[in-house]
Amino acid sequence: MDSIGNNLDSHIKLAQYKEQLLLKKWAPTYNLSLLDGTHWYHRTALVVMADNILRRGVISLFHDHVTARHAGITKTLQLITLYYWWPNLKTFVTEYIKGCATCQMTKVNTHPTHPPMFPITPADNTQPFETIVMDFITKLPQSGGFDTILMITDCRELTTLWVARLDDGTELKVTDPKEQQRDVEEEEAESEERQDGVDCTRQQAGCCWRRRSFERLQCGD
Ligand SMILES: [Zn+2]
């Protein structure tokens with residue numbers, strides 16, 4: 001709009017003079033009339049010829065001019081159609097606003113490409129490790145020949161209890177199940193020997209083992 005300043009209407013009317021033949025051809029199709037006896041109108045809206053500078057100038061005036069506040073497509077269209085018209089006006093306005101950098105940066109995305117996240121909540125009577133979530137962290141800098149971590153989180157405890165690593169994404173390194181059982185039994189024995197009076201159940205001992213395995217893996221044992 002600024003490029004043609006306040007003379008927008010005179011530029012539009014001048015463009016009409018050059019396209020009289022086309023306007024007369026459009027008149028019956030689009031119900032145009034010489035409302036003021038000289039210039040072509042669609043109802044009360046001045047007809048804007050196929051000139052991108054003029055048409056963009058009109059939209060700019062109603063959408064991103066300093067007083068326009070970047071209204072949405074419907075509102076901008078409602079305002080424009082009171083004063084200006086051209087064939088496929090709605091498509092032109094829609095594309096213009098979709099390409100408006102300010103709108104892209106500031107308007108809320110009503111069609112998100114990612115679904116919203118919801119927490120995974122286990123049932124009330126869920127046992128430890130009955131409801132778990134797993135994820136890989138890949139492409140890490142190599143450490144001891146490993147570049148991937150498999151994280152397993154117990155939803156009941158809401159803590160990540162066990163981390164195993166993959167070698168080049170193929171070989172899963174986990175502790176021998178027999179060793180796991182030995183570890184649990186050791187934890188149970190240790191808990192029974194505690195002098196602090198805290199009762200550590202078998203379940204808790206299992207969690208202790210998992211935490212210890214996690215720490216061991218963290219240390220690269
Ligand atoms: Zn905008």
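**Entry 1: the sheet**

I began with β1 and strand β2 (residues 40–42), which pair in the antiparallel sense over 3 bridges. This is a predicted model, so I kept that in mind on every page. I picked one bridge to follow by eye: Leu 34 has Trp 40 in β2 as its bridge partner.

Which strands make up the whole sheet, and in what order? I found an open sheet of 4 strands, ordered β1-β2-β3-β4, and the pairing in it is mixed. I then marked β1 and β4 (84–85) as the edge strands, since each pairs on one side only. A reminder to myself: strands of a sheet pair through backbone hydrogen bonds, either parallel or antiparallel.

**Entry 2: the helix across the sheet**

Next I looked at what lies across these strands. Helix α2 lies across β1, β2 and β3 (45–47), and it runs at about 125 degrees to β1.

I chose Ala 27 as my landmark, as it sits in helix α2 (residues 20–30). I counted 15 other C-beta atoms within 10 Å of Ala 27, so this residue is partly exposed. I also checked Ala 27 against Tyr 41: they are 14 residues apart along the chain, and their C-alpha atoms are separated by 9.2 Å.

**Entry 3: two residues with positive phi**

Most residues other than glycine have a negative phi. I therefore noted the following two residues with some care.

Asn 31 lies in the loop between α2 and β1 (32–34). Its phi is near 60 degrees, a positive value in a residue other than glycine. Is Asn 31 buried or exposed? It is exposed, because only 10 other C-beta atoms lie within 10 Å and the cut-off for exposed is 12 or fewer.

Arg 69 is in the loop between α3 and α4 (73–83). It is not a glycine either, yet its phi is positive, at about 65 degrees. With 9 other C-beta atoms within 10 Å, Arg 69 is exposed.

**Entry 4: α1 against α3**

Two packed helices are described by the angle between their axes and the distance between the axes. I looked up both for helix α1 (residues 8–18) and helix α3 (residues 52–63): the angle is about 150 degrees and the axes are 11 Å apart. Angles over 145 degrees count as roughly antiparallel, so α1 is roughly antiparallel to α3. The crossing of α1 past α3 is left-handed.

Which residues meet here? From α1 I listed Leu 8, His 11, Ile 12 and Ala 15, and from α3 Leu 54, Gly 57, Val 58 and Leu 61. Sorted by class, this contact has 6 nonpolar, 2 polar and no charged residues.

**Entry 5: α3 against α4**

I stayed with α3 and turned to α4. Their axes come within 9 Å and cross at roughly 120 degrees. This crossing is right-handed.

On the α3 side I wrote down Val 58, Ile 59, Phe 62 and His 63, which meet Thr 76, Leu 79 and Ile 80 in α4. The contact of α3 with α4 has 5 nonpolar, 2 polar and no charged residues. I noticed that Val 58 is named in the contact with α1 and again in the contact with α4.

**Entry 6: β5 and β6**

Last, I visited another strand pair. Strand β6 (residues 148–154) is joined to β5 by 6 bridges, and the two run antiparallel. I traced one of these pairings, where Met 134 has Ile 152 in β6 as its bridge partner.

How many of the 6 residues of strand β5 (residues 132–137) are buried? I found the number to be 0, so β5 lies largely in the open.

Definitions and conventions: Residues numbered from 1 in each chain as written. Predicted model: local features only at pLDDT ≥ 70, side-chain atom pairs only at ≥ 80, totals over all residues. Axes fitted to C-alpha atoms, helices over the stretch in contact; angles between N-to-C directions. Parallel < 35°, antiparallel > 145°, perpendicular 65-115°, else oblique. Left-handed = near helix turned anticlockwise from the far one by under 90°. Contact = placed C-beta atoms within 7 Å. Nonpolar A, V, L, I, M, F, W, Y, C, P; charged D, E, K, R; others polar. Buried ≥ 20, exposed ≤ 12 C-beta atoms within 10 Å, placed from the backbone. Pairing = 2+ DSSP bridges.
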